[in-house]
Amino acid sequence: MKERAVALPVETGLEGFILYPALLDGAAQEALVAALREGARKAPPYRPRMPRTGQPWSIMQTNFGPLGWVSDERGYRYEPRHPLTGEPWPPIPAMLLDLWARIARWPAPPEACLVNIYRGEKAKMGLHQDRDEAALDAPVLSVSLGDSCIFRVGGFARGDRTRSFRLASGDVLVLGGPSRLRFHGIDRIIPGSSSLIEGGGRLNLTLRRVTKP
Ligand code: MD3
Ligand code: FE
């Protein structure tokens, strides 16, 4: 996949938190959406549920790669198979593996690509930490596609002060070093801000190393 030649990522002031605005150009975004649509035929998006209560989330999810992140009454965990079809997740699209190799600065490939699907005004993700991975020293790489959103990032305790950023289609974030354990969430999407996805909405891809290499 071709990426824009962005020499300098945006300085966020947060160590290990690197934002590459519009790293993916329009053609790369289109190609990625096409690859995701193809994969999603084998791994249909489903609505995750909260541990214990089974309360449904406002977003849908699916995964690519040898492992996929799932949430239901039994808790948060990584699984090698789709919860509804029982089939292995489809492979991570090659263009995403290339992107990881180029900018994650990590010696082993990602094992999971979690796809979050935000549709409508109600779609959001509460403040949380990502710590279900044994390889917590590996970064998380995030790609935003479609409508822009308001992304919130805090500190290392839930009550710490937060800042918010707008993330737009084609933006790539690398969350590494100490920032890997910052609280973060999505307040809302901004409907009508992109025409990339038919019918509107936002996709977020997170590439993750789960096991220690
Ligand atoms: C900051 N997804 O899937 S991606 C998630 O846009 C998740 O769907 C959001 O949080 C989304 O867990 C945000 C950006 C992101 C991902 C992981 C992080 C930011 C992070 C880990 C630590 C700090
Ligand atoms: Fe997260």
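## Close-up views of two pockets and a ligand

**View 1. The lining of the largest pocket mixes residue classes, with 18 nonpolar, 13 polar and 10 charged residues.** Welcome to this predicted model. The largest pocket holds about 810 Å³ of space. Of its 41 lining residues, Met125, Gly126, His128, Asp130 and His184 lie nearest the centre. Strands that each give at least two residues to this lining are β6, β7, β8, β9 (149–153), β11 (172–175), β12 and β13.

**View 2. Ligand 1 sits in the largest pocket.** Here we meet the 19 residues around ligand 1, of which Asn116, Tyr118, Asp130, His184 and Arg202 come nearest. By class, this shell has 7 nonpolar, 7 polar and 5 charged residues. β13 provides the largest share of the shell, 4 residues. Among the other strands that supply at least two shell residues are β6 (112–118) and β8 (140–146).

**View 3. Side chains meet oxygen atoms of ligand 1, including a pair 2.9 Å apart at Asp130.** For Arg208, a polar side-chain atom lies 3.0 Å from a ligand 1 oxygen. At His128, an N or O atom of the side chain is 3.1 Å from an oxygen atom of ligand 1. On its own, ligand 1 has 500 Å² of accessible area, and the protein covers 99% of that.

**View 4. The second largest pocket has a volume of about 360 Å³.** Its lining counts 21 residues, with Arg37, Pro45, Ile117, Arg119 and Leu203 nearest the centre. Two or more lining residues come from each of α1 (26–42), β3 (60–64), β6 and β13. Helix α1 gives the largest share, 4 residues. Sorted by class, the lining has 12 nonpolar, 4 polar and 5 charged residues.

Key:
Residues numbered from 1 in each chain as written. Chains lettered and ligands numbered in written order. Predicted model: local features only at pLDDT ≥ 70, side-chain atom pairs only at ≥ 80, totals over all residues. Heavy atoms only, no water. Near = heavy atom within 4 Å. Polar contact = N/O pair within 3.5 Å; in protein donor to acceptor, adjacent residues only side chain to side chain. Areas by Shrake-Rupley, 256 points an atom, 1.4 Å probe, with all protein chains shown as cover. 1 Å grid on protein atoms, 1.4 Å probe; cavity = no way out; pocket = protein on both sides within 12 Å on 5 of 7 lines; lining within 4 Å. Sits in = over half its atoms within 2 Å of the grid points. Nonpolar A, V, L, I, M, F, W, Y, C, P; charged D, E, K, R; others polar. Points joined across faces, edges and corners; volume = space filled by probe spheres on them.
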